[in-house]
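Work through the exercises below with the sequence and the model open beside you, and try each task before you read its solution.

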Amino acid sequence: METKILSTSEYDLSLAGEIIRDGGLVAFPTETVYGLGANALDETAVKKIYAAKGRPSDNPLIVHIAEKEDMIPLVKEVTPAAKAVMDAFFPGPLTIILKKSDKIPSAVSGGLDTVAVRMPRNETARALIKAAGVPVAAPSANTSGRPSPTKAKHVIDDMTGKIDAVIDGGACRFGVESTVVSLAGDIPVILRPGAVTKEMLSGVLGKVELASAVLEEMGENETAPSPGMKYKHYAPKAKIIILDADKERYEKFVNMQKNAFALCFEGDSVEIPKITFGFEGDDLSQANALFDALRRLDEAGAKKAYARIPQKSGVGMAVYNRLIRAAAFRIIDLKKPFTIGVTGKTGAGKGYICERLHSLGYKIIDCDYYAKRLTKKNSPILSVLQEEFGEDIMENGELRRRFLADRVFVSKEKTRRLNEIMHPAVLKLCMQQADFPCVLDAPQLFESGADRLCSVVLSITAPDALCAERIMRRDGINEKQAEARLAAQHSTEFFIKNSDYTVINDGRNIDTQLAAALEECL
């Protein structure tokens with residue numbers, strides 16, 4: 001198919017309107033992003049949109065109108081709430097969902113009994129709709145899942161040969177899709193945030209709720225009532241990872257990385273290649289630049305990019321919503337005290353992993369070291385341990401460590417009680433030493449609850465027989481004692497299930513596994 005590139009002249013808009021009226025597809029600019037338009041009343045034409053984009057058929061479309069009164073035949077009722085919102089925000093970057101009329105084909109609504117309608121502010125868009133003489137169904141004019149197009153070039157890159165025409169109307173004003181609010185129920189619900197914010201809608205409607213899927217991933221079997229909710233969206237080819245961190249931690253972390261890009265704000269001091277999307281604290285500039293920045297990552301050949309997290313208020317909510325979907329919900333919370341938590345059974349070999357991480361620039365916080373500091377001669381906690389486990393665990397004011405271990409690690413109940421006494425005090429000392437970025441080396445990471453204080457959890461495992469051999473050599477104990485210690489700890493399956501990554505220390509290459517773990521998790 002030949003794809004015509006049209007201008008915004010009256011003649012070209014008339015030609016584009018004829019293409020839509022005859023069942024063809026035309027991409028056109030709006031104030032949000034470029035849309036891919038077809039006659040909303042022609043189911044055959046609408047199905048061409050899904051084919052051109054590679055879009056799932058249960059992902060509903062938005063119907064675009066030129067005048068407010070064009071809404072009336074498309075819905076069962078223009079409710080008082082809908083009228084109030086239309087008066088306040090039409091034309092503009094807002095989509096309203098209402099119960100649909102019989103005029104709306106199933107292909108437009110994704111099989112739902114509702115329809116999404118908006119009246120764009122962009123004059124070219126409205127002139128096209130008037131020229132077509134029909135309402136225009138139009139999702140974003142990109143390959144499904146890719147970043148939405150904010151320039152004609154983006155559409156041409158994705159859609160050449162798949163659609164009839166592209167109207168080049170320059171760059172879009174806002175840069176993120178319209179806000180979608182459902183007025184089909186008792187309480188207005190924002191299904192997709194945009195330039196019309198929750199605060200603005202609340203000023204007209206009163207109580208307005210935010211759908212959970214705005215910030216969270218929908219389940220596979222859930223029905224998407226609005227575009228942009230269910231499927232992975234807006235994603236470049238690069239793997240995007242959002243870093244929940246302030247400017248200082250963001251910069252420090254990304255400057256440790258190799259073979260990655262920074263997706264950051266103007267003025268961020270990063271040493272790796274960077275693509276910027278607006279200014280910190282300026283949500284409108286971020287919205288305007290985000291999709292173009294995602295496409296520039298592909299143009300630059302990026303394989304992985306670490307993104308600054310936007311604010312979650314105002315238009316920043318829309319930027320955050322698009323970014324978490326581009327990242328497939330990969331977010332690392334670097335505000336936590338410990339960047340990586342390293343754990344595993346005794347004898348698994350955590351020490352070597354921590355040495356390697358130290359060489360990469362991480363500070364190592366060793367829980368065992370601080371546990372020994374807490375139990376040095378005449379320490380106050382020793383009396384608590386004596387009361388719980390017996391007077392004979394002490395000799396000349398010092399803890400008989402091996403004696404205590406033999407007494408405690410024979411049962412999970414005694415191990416649990418020791419943990420209840422020691423963990424809070426040990427963690428307090430470790431927290432005092434935390435200095436970003438750092439690693440918490442904690443054999444009892446899960447038992448102490450310290451896993452919740454770590455951005456990423458890395459477990460080191462090895463076969464029990466090999467662990468037993470190692471601790472027998474290390475601690476000078478017999479096989480029965482070694483097996484008792486291992487039996488009092490979590491299983492290998494537990495560590496695998498509850499960790500972000502597991503390194504297996506059974507003779508295979510540890511450095512290769514560690515590199516893979518850092519690549520996958522960080």
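**Exercise 1: Strands and sheet**

Strands E2 (residues 26–28) and E3 (residues 35–39) pair in the antiparallel sense over three bridges, where strands (E, at least two residues) are DSSP runs numbered from the N terminus and two strands pair if DSSP finds at least two bridges between them. The model is a predicted one, in which local features need pLDDT of at least 70 and side-chain atom pairs count only at pLDDT 80 or more, while totals for chains, interfaces and linings use all residues. Residues are numbered from 1 along each chain as its sequence is written, and side-chain values use heavy atoms, with hydrogens and water left out.

Task: Find which residue in E3 stands opposite Phe-28, and then place E2 and E3 in the order of the open sheet.

Solution: Begin at Phe-28, which stands opposite Gly-35 in E3. Next, read the open sheet of eleven strands, whose order is E1-E8-E2-E3-E7-E4-E6-E5-E9-E10-E11 and whose pairing is mixed. Finally, look at the edges, where strand E1 (4–6) and strand E11 (209–210) each pair on one side only.

**Exercise 2: One residue in a loop**

Task: Decide whether Asn-142 is buried or exposed, and find the polar partners of its side chain.

Solution: First locate Asn-142 in the loop between strand E7 (136–137) and helix H6 (152–159). Asn-142 counts as buried because its relative accessibility is 2%, buried meaning under 20% relative accessible area (1.4 Å probe, protein chains only). The side chain of Asn-142 then makes a polar contact with the side chain of Ser-140 at 2.5 Å, a polar contact being a pair of N or O atoms within 3.5 Å; within protein, one must be able to donate a hydrogen and the other to accept it, and residues adjacent in sequence count only if both atoms are side-chain atoms. Lastly, a polar atom of the Asn-142 side chain lies 2.9 Å from the backbone oxygen of Arg-146.

Terms used. Helices (H or I, at least four residues) and strands (E, at least two) are DSSP runs, numbered from the N terminus. Buried means under 20% relative accessible area, exposed over 50%, partly exposed in between (1.4 Å probe, protein chains only).
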